[in-house]
Amino acid sequence: MAGKDQARMAAAAFTADDEDYWEESSVSSSKKNMFDDEEEGFTVLGVSENKAARLSSALRSTVGADALFADDDNDDITWETSSNISNSSSHGSITSADYRSARYTPPTNRSGSLSTSSSRSTASTVTLDNSLSVQFNKPKMARSEPMSLEDAIVDVPAKQVTATEVSKLETEIQFLRRQVQLGERARWTSLPVKETIKRIILGQPYSLEAYKSLQDKLALLDAAIKMHDGDAITITVLFLKKTVRKSIFQQELIKRPVAINHLIHFLWCHYDLDELEELYKMLRRMEDVFVLKYKQALAPSKAAGRAQSIAAVVRSFQHDSSLAPDSTLLLEQCTLLQRQLQIEEEDKKIAAGGKHPVFRDHPPKAQLPLTPLTTTLYYCSFYHYNESDSSLSSPLSIKRDFQMSDKQYTWSALNALAKLHRWKEIEALLTSKNWFGGTKMKACIGFEKVVEILSKQKAPVDILSKYLAYIEDPNERLALAAKHKCHRIVVDTLIQLKDRAALEDYRLKTPDYSLERQYLITALNNSQVKWKN
């Protein structure tokens, strides 16, 4: 009977506290019961307030007040109660400094442990070393005015951390500490060579410091080469290079070409060019040293600096007979850069004067330095075609000094003159003299290419017809003439082929009452032609 009386008193006290809380809240009395129940008043999830009170009293009287707070896992929970309990009049919350709870007792009183006690009390806060606390406050009522950002953050409930989770974390920490200790001990313990290479390949922790003898280091390198893994080979080569004398490293490295290639690739990717040059010299690969120095000379972005760097490379290898052809090419490149700089400097002065018609009508769109030789020849043919051979910007002097072929010169000059529509100069370019003083038309690139270049620059029909007539193959000449609508050349070619039927069909393609139509009809009426059909 005494237990039942105590349960009823606890239920009554609980109900009274709850009513005081709602009476003291900021919500008006008209808004207390927003979901009215006609029979038994306020309900939550289908259970009325009176029914909840009776259910709570019956449960306390039957089971007992102490059993209501028992843990589901039947674990012992100890509570440590502070001397002062904060009684807040607004919400009745209990701060984290008032109560502390834990599910177990750690081995010693150290950082990260939980303080426990045998006293029992109701608590609303779990605190871990005064650094992690979880508060269980009564919910706040909705406000009539908008909440501030600070209030919204405060109202977010904190994540609950149970003692079981803390225990798991401490277990993991102990496991990681043991792993670190094992790693420290294994650092000075030499594993089998294959096991270490396997760890390198799989990305597992490894240590090479335990291998002290030269035989073990070479065994590591040979095992990595045998496994054909580039990362393992590079790691073992760098370890050998770091831990042995330079003479021994060079002697052993020469015996292993695969290791040399991986080391060269590593040094090149990491821009360690000085050490790479030293390695090439050690291996007596002077051609690779020459290429490396040339690539370094191409680093300057300005033409003047690049010309000086290339000239320095030429001077460094001028006494090496095996690199004479390569040095000659570099010398020509350096000469071309210097010449381009001089031509551009003079052309800027000419263009600034505004008197040169080509510079006035067609100003340069790009800088001349650092362009290829054929582009330089095209530039000089475009702006300086009629200059004498003694001039640096003359196309003929460039052809002579850099030993360019006739095809290179004709192609560049023809494109430049066709763009300027200089048809007479093109005819002079394609006219050659024989030993007896006679002249004839000759194109080293072929008259098919000449017609193609001229047609791209919108040459007139009579100009195209002139050069179409010099194409030797009649079928190719016929196809190009029909493509560019050179009707007279088509008619002459069909007469040459004695194809009357094709000539009759082509008559419909010529304009009415044109000279080409009359020329075609005259050819059809010519009785001296022996037609094939």
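**Entry 1: helices, strands and totals**

I began with the secondary structure of this predicted model, and I found 25 helices and 8 strands in the protein. I then looked up how much of the chain is hidden, and I noted that buried residues make up 29% of the 533 residues. The protein exposes about 35300 Å², and 53% of that area is supplied by carbon and sulfur atoms. For the contacts with a separation of 6 or more, I wrote down that residues 24 or more positions apart account for 50%.

**Entry 2: the nonpolar cores**

Which residues have the most contacts inside the largest nonpolar core? I listed I426, L430, V450, L454, Y467, L468 and L503, in a core that has 53 residues. Helix α18, residues 406-419, gives this core its largest share, which is 6 residues. I also looked up a second, separate core of 45 residues, and among its members I found V244, L279, V313 and C334.

I went back to V450 and asked which residues it touches, leaving aside those up to four places away in sequence. The neighbours of V450 that I recorded are L414, L430, A443, I445 and Y467.

**Entry 3: helix α18**

Since α18 had come up with the core, I checked its length. The 14 residues of α18 should span 20 Å at 1.5 Å a residue, and the end C-alpha atoms are 20 Å apart, so the two values agree. The buried residues that I noted in α18 are Y409, T410, S412, A413, L414, A416, L417 and A418. An α-helix has 3.6 residues a turn, so residues three or four places apart point the same way. I kept that rule beside my list, in which Y409, S412 and A413 can be read together.

What covers the buried residues of α18? I found that the cover includes α16 (373-383), α17 (395-401), α19 (423-429) and α20 (447-456). Just after α18, I also noted that H421 takes a positive phi of about 60 degrees.

**Entry 4: helix α8**

I treated helix α8, residues 230-243, in the same manner. Its 14 residues reach 20 Å from the first C-alpha to the last, close to the 20 Å expected at 1.5 Å a residue. In α8 I found A232, I233, T234, T236, V237, F239 and L240 to be buried, and the cover over the buried residues of α8 includes α6, α7 (214-227), α9 (246-254) and α10 (257-269).

**Entry 5: salt bridges**

Side chains of opposite charge can pair when their charged atoms come close. How many salt bridges are there? I wrote down a count of 20, and I then followed some of the pairs one by one.

E275 forms a salt bridge with K241, and the closest N and O atoms of this pair are 2.4 Å apart. The pair links distant parts of the chain, because E275 lies in helix α11 (residues 273-282) and K241 in helix α8, 34 residues apart. I looked up the accessibility of both partners: E275 has 23% relative accessibility, so it counts as partly exposed, and K241 counts as partly exposed at 32%.

Are R256 and E252 buried or exposed? Both R256 and E252 are buried, and they form a salt bridge in which the closest N and O atoms are 3.1 Å apart. I noted further that D222, E252, K255 and R256 are linked in a network of salt bridges.

In the pair of R360 and D361, the side chains meet in a salt bridge at 4.0 Å, N to O. R360 is partly exposed, with a relative accessible area of 49%, whereas D361 is exposed, with 53%. The two fall into separate classes because exposed means over 50%.

**Entry 6: a surface patch**

I next looked at the surface and found that I201, L202 and M227 form a nonpolar patch there, with about 280 Å² of accessible area together. L202 belongs to helix α6, residues 193-202, and L202 is exposed because its relative accessible area is 52%, where the cut-off is over 50%.

**Entry 7: D492**

Last, I looked up D492, which lies in helix α23, residues 487-497. D492 is partly exposed, with a relative accessible area of 30%. I also checked its separation from A469, which is 23 residues apart from D492 along the chain, and I noted 9.3 Å between the two C-alpha atoms.

Notes. Residues numbered from 1 in each chain as written. Predicted model: local features only at pLDDT ≥ 70, side-chain atom pairs only at ≥ 80, totals over all residues. Heavy atoms only, no water. Patch = residues over 30% accessible without salt bridge, like charges linked within 9 Å, V, L, I, M, F, W, Y side chains within 5 Å. Areas by Shrake-Rupley, 256 points an atom, 1.4 Å probe, with all protein chains shown as cover. Helix = DSSP H or I, 4+ residues; strand = E, 2+ residues; numbered from the N terminus. Buried < 20%, exposed > 50% of the residue type's maximum accessible area, 1.4 Å probe, protein only. Core = buried A, V, L, I, M, F, W, Y, C linked by side-chain atoms within 4.5 Å. Contact = heavy atoms within 4.5 Å. Expected span 1.5 Å × (residues − 1).
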